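Visitor: I'm new to this one, so could you show it to me and let me ask how you know what you say?
Guide: Sure, here it is.

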Amino acid sequence: MKFASYSADGQNFYGAATDDGMIALSPDFPQWPTLLDVVRDGGLDQLTVTAEGRSVTHTDVQFDMVLPNARRILCVGVNFPDRNAEYKDGSEQPKYMSLFPRFASGFTGHNRPLIRPPESHMLDYEGEVAIVIGKGGRRIAQADAYDHIAALTICNEGTIRDWVRHAKFNVTQGKNWDNSGAIGPWLVPFNDPAQLDTARIITRVNGDIRQDDVLSRMMHPIRREIEYISTFMTLEPGDVIVTGTPTGSGARLDPPQFLKPGDVVEVEVTGIGTLRNTIEDEQT
């Protein structure tokens, strides 16, 4: 079962995604106004039961960022061996992971455009798996880490490359341009370690494969990410962790190839689906 946030007929909904369209579920659960509220209350199983046997309610929909009111989104940087080598700075595999925050305003939904701002045309893609925390905790052991995941989704962690170099020790300003990235299309409930342990990320730009790797090669596996992050902050239901991108981003190609209007970026992850976005210039 897959659950998405979407709009149709001038209203906002969340519901179950099928090959034929969406099954609206939010009218059945007024106590959960948004999909984030469902996650926080551990309600994904109830959505599954309710959706069984139901007919499609909407076929013409616009997908939203899957958790548009997410309060905390934390991203892991440079988390694949080849990705570290791309920097050509001679550095060894890092002992500790790089982390930075992103905000929900920086993301749009599936089949919607990523926006290239007039201040910079260095808009780049980063295909990643994102996990959604379902059970909070502090100092979570790696052995228990997967028990704290409610669902999985896909992220194109779009980045304005020159703006991540504006300061010496942070990348926040290059990572948070409005609608520069996307998260979606939907949440897939997490119930089997294989959903992560054997997952593969493929990013295509206009049909050409740019990124292709497996999560098992991460320098800091997802169990370790949860352990490390929960050491310094209490993880809460609804928190999103964007887990890291493979080698092959546009900035690291020779010559660099940044996204331009008309381009189509697709991020495919085993067992989750494909997140697709076009590129448009900001209308000023």
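What follows is a chat about some salt bridges, a helix, a pocket and a loop residue.

Guide: This is a predicted model, where local features need pLDDT of at least 70 and side-chain atom pairs count only at pLDDT 80 or more, while totals for chains, interfaces and linings use all residues. Residues are numbered from 1 along each chain as its sequence is written, and side-chain values use heavy atoms, with hydrogens and water left out.

Visitor: What makes Arg72 and Glu236 a salt bridge?
Guide: The rule asks for a side-chain nitrogen of Lys or Arg within 4 Å of a carboxyl oxygen of Asp or Glu. Arg72 and Glu236 have an N to O distance of 3.9 Å, so they fit that rule. Arg72 sits in the loop between strand E4 (62–63) and strand E5 (73–77), and Glu236 in the loop between helix H5 (222–232) and strand E16 (240–242), so the pair ties together parts that are 164 residues apart in sequence. Helices (H or I, at least four residues) and strands (E, at least two) are DSSP runs, numbered from the N terminus.

Visitor: How many salt bridges does the rule give?
Guide: The count is 16. Another one joins Arg200 and Asp212 at 2.6 Å, N to O. Arg200 is in strand E14 (residues 200–205) and Asp212 in strand E15 (residues 208–214), 12 residues apart.

Visitor: Lys260 and Asp263 pair up too, but why is Asp263 called buried?
Guide: Their closest N and O atoms are 3.1 Å apart. Buried means under 20% relative accessible area, exposed over 50%, and partly exposed in between (1.4 Å probe, protein chains only). Asp263 has 5%, so it counts as buried. Lys260, at 44%, falls in between, so it is partly exposed.

Visitor: How do you know that the buried residues of helix H2 share a side?
Guide: In H2 (residues 44–51), Leu44, Leu47 and Ala51 are buried. They cover an arc of only 55° around the axis, which puts them on the same side of H2. That arc is taken from the directions from the helix axis to the C-beta atoms. On the other side, Asp45 and Val49 are exposed.

Visitor: What covers the buried residues of H2?
Guide: The cover includes strand E1 (3–8), strand E2 (11–18), strand E3 (21–24), helix H1 (35–40) and strand E11 (149–156). Just after H2, Gly53 takes a positive phi of about 80°.

Visitor: What makes something a pocket here?
Guide: On a 1 Å grid over the protein atoms alone, a pocket is an open set of points where a 1.4 Å probe fits, with protein on both sides within 12 Å along at least five of seven lines; lining residues have an atom within 4 Å of a point. The second largest pocket has a volume of about 220 Å³. Its lining has 15 residues, with Leu44, Asp45, Ile149, Ala150 and Phe190 nearest its centre. H2 gives the most to that lining, with three residues.

Visitor: Why is Asn69 called partly exposed?
Guide: Asn69 has a relative accessible area of 35%, which lies between the two cut-offs, so partly exposed is the right label. Asn69 lies in the loop between E4 and E5. Leaving out residues up to four places away in sequence, Asn69 touches Thr34 and Leu36, where contact means heavy atoms within 4.5 Å.

How values were computed. Points joined across faces, edges and corners; volume = space filled by probe spheres on them.
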